[in-house]
Amino acid sequence: MNKKFAIATLALGLLISGCASKPSGTDAAPQSPSAEYVVPEPADLTGTWTQSNSMSDDSYQEAVIDNDITTINWVMNNGDTKSLYWVGSFEAPVNATEPYT
């Protein structure tokens, strides 16, 4: 009789624990991320850029980017003298998926 009681108790325990578990996948749909994908903007290179690897203490190149015009100057005498090296223009990309070339 002890065996029958033990088996009945075990079966009842499994039945109760099986009923208590929450079925998976039946409640609600999975939550989707709330963040929207934003297309990154291209880098804004407007400003004055100075050469950082010049071999001279008082001479270097400087680039000035304003809208779509780029001007590059040789700068000498610690900035007292500037000589035009190059002027050009370019069409900037409209989004960050287009590379600068």
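**Exercise 1.** In this predicted model, which residue of E3 does Ala 63 stand opposite? Place the answer within the pairing of the strands around it.

*Solution.* Begin with the residue itself: Ala 63 has Ile 72 in E3 standing opposite. Next, turn to the strands, where E2 (residues 60–66) is joined to E3 (residues 69–76) by 7 bridges, the two running antiparallel. Then follow the chain from one strand to the other, since E2 and E3 make a hairpin with 2 residues between them, and Asn 67 in that turn has a positive phi of about 55°. Finally, consider E1 (residues 47–50), which pairs with E2 in the antiparallel sense over 4 bridges, with Ile 65 as the bridge partner of Gly 47.

**Exercise 2.** Determine with which residues Thr 48 is in contact, leaving aside its neighbours within four places in sequence.

*Solution.* First locate Thr 48, which lies in strand E1. With those sequence neighbours set aside, Thr 48 is in contact with Glu 62, Ala 63 and Val 64. As a further step, take Asp 66, 18 residues from Thr 48 along the chain, and find that the C-alpha atoms of these two residues are separated by 8.7 Å.

**Exercise 3.** Identify the 1 aromatic pair that the structure holds, and explain what the pair ties together.

*Solution.* The rings are those of Trp 74 and Tyr 85, at 5.6 Å centre to centre with 80° between the planes, and because planes over 60 degrees apart count as edge-to-face, the pair is edge-to-face. Trp 74 belongs to strand E3 and Tyr 85 to strand E4 (residues 81–89), so the pair ties together parts 11 residues apart in sequence. As for accessibility, Trp 74 counts as partly exposed at 37% relative accessibility, and Tyr 85 is likewise partly exposed, with a relative accessible area of 49%.

Notes
Residues numbered from 1 in each chain as written. Predicted model: local features only at pLDDT ≥ 70, side-chain atom pairs only at ≥ 80, totals over all residues. Heavy atoms only, no water. Pairing = 2+ DSSP bridges. Contact = heavy atoms within 4.5 Å. Phe/Tyr/Trp six-rings, centres within 6.5 Å; stacked < 30°, edge-to-face > 60°. Buried < 20%, exposed > 50% of the residue type's maximum accessible area, 1.4 Å probe, protein only.
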